Amino acid sequence: MTEKIYIIHENSEWTDHLIKRLKELDLPYEEWFLDKGKVDLTSTPPEGVFYNRISASSHTRNHRFAPELTEAFLAWLERHGRKVFNGSRALRLEVSKVNQYMALDASQIHTPKTIAAVGKDQIVEAAKELNLPSFITKHNRAGKGLGVQLFHSINALEEYVNGPSFEPSVDGITLIQEYIQAPKPYITRCEFVGGKFVYAVRVDTSEGFELCPADACTIDDLFCPVGEEAEEKPKFEIIKDFDDPIIYKYEKFLQENSIDVAGIEFIRNADGKIFTYDVNTNTNYNSDAEEIAGKYGMLELAKFLGSQLD
């Protein structure tokens with residue numbers, strides 16, 4: 001029997017481009033849509049290459065337990081020695097920013113000061129402990145900028161957590177985090193396939209912060225500074241010949257954490273210091289930016305997965 005590439009996911013809109021590339025390269029594939037289902041732990045999984053792209057935001061698409069079900073599938077696949085890319089360790093980091101930050105810290109990669117809290121009173125106490133003029137909140141199990149709010153006072157935070165607009169994280173953990181003031185309204189996202197750097201994309205945040213570059217995404221949450229005049233330029237722009245020592249730190253981090261495909265986001269402060277704040281292990285790509293640059297993340301991913309077939 002010919003081996004296949006198995007795509008584990010819960011959102012077809014994020015896999016369409018990959019499937020298109022697999023077809024272009026005439027590579028055999030099968031989708032495992034894990035919003036619900038079962039896994040017989042006494043059975044033997046098929047031979048092949050397994051690529052996990054389950055998202056931390058799956059619950060926003062009524063797929064509340066997709067990560068938990070996927071974890072069971074990954075444990076089963078890994079027990080039988082299957083080739084799994086973005087396996088159980090990657091999933092663990094995908095669904096917990098606490099785990100992300102601790103792993104980044106272990107790799108000596110700077111992250112913003114962060115306190116994790118459960119309970120409204122503890123969220124307010126955490127902000128007081130940070131003792132910063134500006135700070136943000138975000139969900140621990142996030143994706144799509146979930147729960148991201150910017151505050152300039154404790155009173156404003158108290159009104160939010162005790163008001164009708166407060167949204168708790170699906171896992172109950174809210175992060176209270178240092179707000180990094182960027183001199184210019186953009187962040188940088190570095191893309192990796194097979195653990196190797198592919199390209200960096202500059203994301204314009206002057207009109208708000210859209211975390212996900214996928215064509216199908218529309219995200220309204222605000223993260224970065226606003227108020228500056230936005231020039232007529234694309235929101236996503238691949239940076240030509242991007243070269244920074246952070247790339248090598250990221251590649252080492254990915255290797256240490258068994259992450260094969262990722263988009264890692266950072267922001268620079270006024271002193272030029274890099275703060276890494278998000279690791280996306282179900283990374284997406286913006287087609288307009290790629291067309292202009294002539295670089296294609298899903299094509300590189302399809303080639304990589306195809307190279308792993310026996």
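This briefing walks through salt bridges, nonpolar cores, a pocket and a few notable backbone spots in the structure above. The model is a predicted one, so please read every value below as computed from that prediction. A search of the whole structure turns up 13 salt bridges. The largest nonpolar core holds 53 residues, and the second largest pocket encloses about 220 Å³.

**Salt bridges**

- Side chains of opposite charge can pair when their charged atoms come close.
- Asp-310 and Lys-83 form one such bridge through their side chains, with an N to O distance of 3.3 Å. Asp-310 sits in the segment after α9 (297-307) and Lys-83 in strand β4 (residues 83-85), so this pair ties together parts that are 227 residues apart in sequence.
- The two partners can be compared with the accessibility cut-offs: Asp-310 has 76% relative accessibility and counts as exposed because exposed means over 50%, while Lys-83, at 33%, counts as partly exposed.
- Asp-244 pairs with Arg-268, and their closest N and O atoms are 2.9 Å apart. Asp-244 belongs to the loop between β11 (236-238) and α7 (246-256), whereas Arg-268 is in strand β12 (residues 261-268), so the bridge ties together parts that are 24 residues apart in sequence.
- Within that pair, Asp-244 is buried at 14% relative accessibility, and Arg-268 is partly exposed at 30%.
- Arg-64 and Glu-68 meet side chain to side chain in a salt bridge of 3.4 Å, N to O. Arg-64 is partly exposed, with a relative accessible area of 30%, and Glu-68 is also partly exposed, with 29%.
- Arg-64 and Glu-68 belong to a network of salt bridges that also includes Arg-141.

**Nonpolar cores**

- In soluble globular proteins, nonpolar side chains tend to be buried together.
- In the largest core, of 53 residues, Tyr-250, Phe-253 and Leu-301 have the most contacts inside it.
- Leu-301 is in contact with Leu-18, Tyr-51, Val-193 and Val-261, leaving aside its neighbours within four places in sequence.
- Apart from the largest core lies another one, of 15 residues, with Trp-32, Ala-66, Leu-77 and Val-84 among them.

**A closer look at Leu-104**

- Leu-104 is part of helix α4 (residues 97-106), and it counts as buried at 0% relative accessibility.
- Not counting residues up to four places away in sequence, Leu-104 touches Ile-109, Thr-111, Phe-253, Thr-276 and Val-279. Phe-253 in that list is also one of the residues with the most contacts inside the largest nonpolar core.
- If you want a distance to check, the C-alpha atoms of Leu-104 and Lys-138 are 18 Å apart in space, with their positions 34 residues apart in sequence.

**The second largest pocket**

- This pocket holds about 220 Å³ of space.
- Its lining is made up of Pro-67, Glu-68, Glu-71, Ser-88, Leu-91, Arg-92, Val-95, Ser-96, Asn-99 and Arg-141.
- By class, the lining has four charged, three polar and three nonpolar residues.
- Two helices, α2 (66-79) and α3 (88-94), each supply at least two of the lining residues.
- Glu-68 and Arg-141 from the lining are also members of the salt-bridge network with Arg-64.

**Backbone and loop details**

- Most residues other than glycine have a negative phi, and most peptide bonds are trans.
- Asp-26 has a positive phi of about 55° although it is not a glycine. Asp-26 is placed in the loop between α1 (16-24) and β2 (29-33), and it counts as exposed at 69% relative accessibility.
- Asn-131 is another non-glycine residue with a positive phi, near 55°. Asn-131 is found in the loop between α5 (120-130) and β6 (135-139), where it is exposed, with a relative accessible area of 63%.
- Pro-185 lies in the loop between β8 (174-178) and β9 (186-193), and it is buried, with a relative accessible area of 12%.
- Pro-185 and Thr-205 are 20 residues apart in sequence, and their C-alpha atoms are 5.2 Å apart in space.

Terms used
Residues numbered from 1 in each chain as written. Predicted model: local features only at pLDDT ≥ 70, side-chain atom pairs only at ≥ 80, totals over all residues. Heavy atoms only, no water. Salt bridge = Lys/Arg side-chain N within 4 Å of Asp/Glu carboxyl O. Buried < 20%, exposed > 50% of the residue type's maximum accessible area, 1.4 Å probe, protein only. Helix = DSSP H or I, 4+ residues; strand = E, 2+ residues; numbered from the N terminus. Core = buried A, V, L, I, M, F, W, Y, C linked by side-chain atoms within 4.5 Å. Contact = heavy atoms within 4.5 Å. 1 Å grid on protein atoms, 1.4 Å probe; cavity = no way out; pocket = protein on both sides within 12 Å on 5 of 7 lines; lining within 4 Å. Points joined across faces, edges and corners; volume = space filled by probe spheres on them. Nonpolar A, V, L, I, M, F, W, Y, C, P; charged D, E, K, R; others polar.
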